[in-house]
Amino acid sequence: MAYNSVSDRSAEREWNSEVYHRLSSPQVSWGKKVLSRLKLNGDEWVLDAGCGTGLLTAELLEALPRGRVVGIDLSQNMLSTARAHLAQEFGSRLRLLACDLLSLPIKRVFHAVVSTAAFHWVPDHDQLFRNLHDVLVPGGCLEAQCGGGPNIARLRDRANVLATTPTFARYFVGFREPWLFEDAQEAAQRLRNAGFADVETSLEAAPTVLDDAAHYNEFVRNIVLRRHLENIPGAEQRDQFMAILTEQAAQDDPPFLLDYWRLNLRGRGA
Ligand SMILES: C[S@@+](CC[C@H](N)C(=O)[O-])C[C@H]1O[C@@H](n2cnc3c(N)ncnc32)[C@H](O)[C@@H]1O
């Protein structure tokens, strides 16, 4: 039996949006810095690409009192949570759309595209950057950040080793990590190839210490390694997988550190 085959592909797209909404303070704090780099007049149309539960979409709307934001996401759970929190407050200034960033049906509409903590989940950055370039009006800007470079290298190594042990190996046959962590130079070249001008990219370390074993376990299980855990069919074995990783993180100095690295991306549409 191929445990790693996913009969319902929608499972790959879905997130536990309640947990993400509650635990995503690291992503929100990085995202706020990204938003602070945007130069806005307050009346622009902005795309939030991979908006998740909309915590940063709300910040963006606050900065656009006469503008509009379209939040796009692949996950219906994320969009439902975003809708529940934002629809009433922001009314017609906000549209939330279920859509794959790899097949965007929109052309030359937005003055800016913003994205935080999403692009590393998108496997084809050439297509992604071409699509984002094409949704911008000429001169519009991209201001984004995602995981990059050696992002979470320690946890990746540990999860990969664990996935090859006799208890878990059968669940990970043919499994490929779901992320694309580019370095700054590769990303800059892809942005230029997609048509962006004035490209700037950089990598920055963002080490993040979680509170304790329970916090680490819930965060890693639902956010970082959610696609790994989908491969393991039984709850007991999923718990065992996470218990081993959590115990390893408890031995680190400091304990429960995630070695996050963020890739900053900026460009101007031609
Ligand atoms: C870690 S969350 C980040 C959410 C939000 N931007 C934040 O910073 O809190 C990543 C989001 O990207 C979305 N995503 C991943 N791949 C996508 C794709 N191909 N098209 C649209 N959204 C995608 C996921 O569904 C998820 O909501």
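How far is an oxygen atom of the ligand from an N or O atom in the side chain of Tyr-20? In this predicted model, the distance is 2.7 Å. The legends below begin with the ligand and then turn to the overall fold, the second largest pocket, the largest cavity and two backbone features.

**View 1. The ligand and its polar contacts with Tyr-20, Asp-100 and Thr-116**. The contact with Tyr-20 pairs a ligand oxygen atom with the side chain of that residue, at 2.7 Å. A nitrogen atom of the ligand lies 2.8 Å from an N or O atom in the side chain of Asp-100. With Thr-116 the partner is a polar backbone atom, placed 2.8 Å from a nitrogen atom of the ligand. The ligand would expose 600 Å² if taken alone, and the protein buries 96% of that area.

**View 2. The shell of 18 residues around the ligand**. The closest members of this shell are Tyr-20, Gly-50, Asp-73, Asp-100 and Thr-116. Sorted by class, the shell holds 12 nonpolar residues, four polar ones and two charged ones.

**View 3. The protein as a whole, with its 11 helices and nine strands**. The protein is as compact as a globular protein of its length, because its radius of gyration of 19 Å is close to the 18 Å that the globule rule gives for 270 residues. The C-alpha trace spans about 55 × 40 × 40 Å along the principal axes of the protein.

**View 4. The second largest pocket, with about 230 Å³ of space**. Its lining comprises 16 residues, of which Arg-37, Lys-39, Cys-141, Glu-143 and Arg-268 are the closest to the pocket centre. At least two lining residues come from each of strand 4 (110-116), strand 5 (136-147), strand 6 (197-205) and strand 9 (261-268). Strand 5 makes the greatest contribution to this lining, with four residues. The class composition of the lining is eight charged, four polar and four nonpolar residues.

**View 5. The largest cavity, with about 40 Å³ of space**. The count of cavities of 30 Å³ or more comes to one in this protein. The lining of the largest cavity is formed by Arg-154, Leu-155, Arg-158, Tyr-216, Ala-249, Asp-252, Leu-257, Leu-258 and Asp-259. Two elements, helix 7 (153-162) and strand 8 (257-258), give two or more residues to this lining. Helix 7 gives the most, with three residues. The lining contains five nonpolar and four charged residues, and no polar ones.

**View 6. The cis peptide bond from Asp-253 to Pro-254**. Omega of this bond is near 0 degrees. Pro-254 belongs to the loop between helix 11 (235-250) and strand 8. Strand 8 is also one of the elements that give two or more residues to the lining of the largest cavity, and Asp-252 is among the residues of that lining.

**View 7. Arg-108, a residue other than glycine with a positive phi**. The phi value of Arg-108 is near 50 degrees. Arg-108 is found in the loop between strand 3 (94-98) and strand 4. Strand 4 is among the strands that supply at least two residues of the lining of the second largest pocket.

Key. Residues numbered from 1 in each chain as written. Predicted model: local features only at pLDDT ≥ 70, side-chain atom pairs only at ≥ 80, totals over all residues. Heavy atoms only, no water. Near = heavy atom within 4 Å. Polar contact = N/O pair within 3.5 Å; in protein donor to acceptor, adjacent residues only side chain to side chain. Areas by Shrake-Rupley, 256 points an atom, 1.4 Å probe, with all protein chains shown as cover. Nonpolar A, V, L, I, M, F, W, Y, C, P; charged D, E, K, R; others polar. 1 Å grid on protein atoms, 1.4 Å probe; cavity = no way out; pocket = protein on both sides within 12 Å on 5 of 7 lines; lining within 4 Å. Points joined across faces, edges and corners; volume = space filled by probe spheres on them. Rg over C-alpha atoms; globule rule 2.2 N^0.38 Å.
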